[in-house]
Amino acid sequence: MAPIIRVIYNQKGGVGKTTLAVNLAACAARSGKRTLLIDSDPQGNATSYILGQEKYPDNTLADYYESCLHLNIFRQSIFEYITLNTKIPNLHLVACNRELEDLRTKLENKHKIMKLREGLKNNTYDHVYLDPPPANDFFSLACLIAANEIIIPIDCDAFSIRAASEIKNTIEEVRQDHNPSLKVLGIVVNQYQKGTKHSLGIIQELQKIGFSILEPFIPSSVKIRESHSEIKPIVIGHPDHAVSQAINSLFHSIESISQTKIPANESIENKKNQIKEKSDSLHLD
Ligand SMILES: Nc1ncnc2c1ncn2[C@@H]1O[C@H](COP(=O)(O)OP(=O)(O)OP(=O)(O)O)[C@@H](O)[C@H]1O
Ligand SMILES: [Mg+2]
């Protein structure tokens, strides 16, 4: 079976891309899937979340991209650049650090945008998770071209609506130019403040733009920030915590949507009605 390659994308910063990419990857690994997490952000936050700040992996995504800048009669594969010791069974990592940023101009000038996609060919993983930077740049675009599914986390503020409209255009462009089969699984509502009419209003606006909303929503919890310091995905370190349970349920709903092969947008009318019912039953001001 072809591997699932999921990008957790939003050009807006701090919405929970890394948190979700790492924890969804951990959920996949825990459920027995051979899983690869590719940190595609020069900030290297996914790498730090898995390995800590001190460890400096021998091989990183920058080394892979660097190899792509040279003529090579053998096709380069990203699998030569994997860190195996993630301490989480079934989870492998392609690490990343600031060095990636230094390669950007050379990669752009030499038109290497397809290299991530090509490097993932002949992939023996069940699931691959891509964590791009908060920008609509070369590294994010490379992820959107390499992926077959996209998940969009938002943090329920008013700027999310503008970001979502831009994301819609970006996806259309990527589909048209490079990756026609990119499937939008939907929006993940992160840092959800239960019972606020404001959050529900934003969710309804996002649906009007044409996005499907994934459930359950992920509540806000300081435990997530703590899990970053503990260097352990919250779903592994605190599996019984409400946030871990929400992420785990989210993983399973993503899995079932992924398997239906029905474009996520088809269920929008259904979801619209469900959200309206939820909002009506809460009688919020
Ligand atoms: N549900 C949540 N509750 C509380 N804090 C959260 C939650 N989700 C994420 N955070 C915190 O918000 C911050 C940003 O999260 P994260 O790094 O995952 O976002 P990001 O979109 O990857 O950021 P960037 O755009 O910089 O890559 C982190 O400090 C993280 O711990
Ligand atoms: Mg991030």
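## Helix H11: two sides

On one side of helix H11, the exposed residues are Ala-242, His-252, Ser-256, Gln-259 and Thr-260. This is a predicted model, so keep that in mind as you click through it. The other side of H11 holds its buried residues: Val-243, Ser-244, Ala-246, Ile-247, Leu-250, Ile-254 and Ile-257. Looking down the axis of H11, those buried residues fall within an arc of 155 degrees, so they line one face of the helix.

What do the buried residues of H11 pack against? Their partners are H1, E5, E6, E7, H9 and helix H10 (234-237). The length of H11 works out too: it covers residues 242-260, and at 1.5 Å a residue its 19 residues should span 27 Å. The end C-alpha atoms are 27 Å apart, which agrees.

## The sheet

Now to the strands. The model has an open sheet of 7 strands, paired in parallel, and the order across it is E3-E2-E4-E1-E5-E6-E7. Which strands stand at the edges? They are E3 (91-94) and E7 (213-214); each has a single partner strand, so one side of each has no neighbour in the sheet.

At the E3 edge, strand E2 (residues 35-39) runs parallel to E3 and is joined to it by 4 bridges. If you want a spot to zoom in on, Thr-35 has Leu-91 of E3 as its bridge partner. Helix H1 (residues 17-30) packs on the sheet, where it touches E1 (4-8), E2, E3, E4 (127-131), E5 (149-154) and E6 (183-189). The direction of H1 makes about 170 degrees with that of E4.

## The nonpolar core

The largest nonpolar core has 83 residues. Which of them touch the most other members? That would be Ala-25, Leu-37, Cys-143 and Val-189. Helix H1 gives the most to this core, with 9 residues. As background, nonpolar side chains in soluble globular proteins tend to be buried together.

Val-189 is a handy place to look around. Leaving out residues up to four places away in sequence, Val-189 touches Ile-154, Cys-156, Ile-203, Ile-213, Phe-217 and Ile-218.

## Backbone oddities

Two residues that aren't glycine have a positive phi: His-111, at about 55 degrees, and Cys-156, near 60 degrees. Both sit in loops, with His-111 between helix H4 (99-109) and helix H5 (115-119), and Cys-156 between E5 and helix H7 (159-177).

Are these residues buried or exposed? His-111 is exposed, since 8 other C-beta atoms lie within 10 Å and the cut-off for exposed is 12 or fewer. Cys-156, with 21 C-beta neighbours inside 10 Å, counts as buried, because the cut-off there is 20 or more.

There's a cis peptide bond as well, running from Glu-215 to Pro-216, with omega near 0 degrees. Pro-216 lies in the loop between E7 and helix H9 (222-230).

## An exposed glycine

One more loop to visit is the one between helix H2 (45-51) and helix H3 (61-68), where Gly-52 lies. Gly-52 is exposed, with 12 other C-beta atoms within 10 Å. How far is Gly-52 from Ala-246? In sequence they are 194 residues apart, and in space they are 25 Å apart, C-alpha to C-alpha. Ala-246 is one of the buried residues of H11.

Terms used. Residues are numbered from 1 along each chain as its sequence is written. Chains are lettered from A and ligands numbered from 1 in the order in which they are written. This is a predicted model: local features need pLDDT of at least 70, side-chain atom pairs count only at pLDDT 80 or more; totals for chains, interfaces and linings use all residues. Two strands pair if DSSP finds at least two bridges between them. Helices (H or I, at least four residues) and strands (E, at least two) are DSSP runs, numbered from the N terminus. Two residues are in contact if their C-beta atoms, placed from the backbone, lie within 7 Å. Axes are lines fitted to C-alpha atoms, for helices over the stretch in contact, and angles run from 0 to 180 degrees between N-to-C directions. A nonpolar core is a set of buried Ala, Val, Leu, Ile, Met, Phe, Trp, Tyr and Cys residues joined through C-beta atoms within 7 Å. The expected span of a helix is 1.5 Å times one less than its number of residues. The arc is that of the directions from the helix axis to the C-beta atoms.
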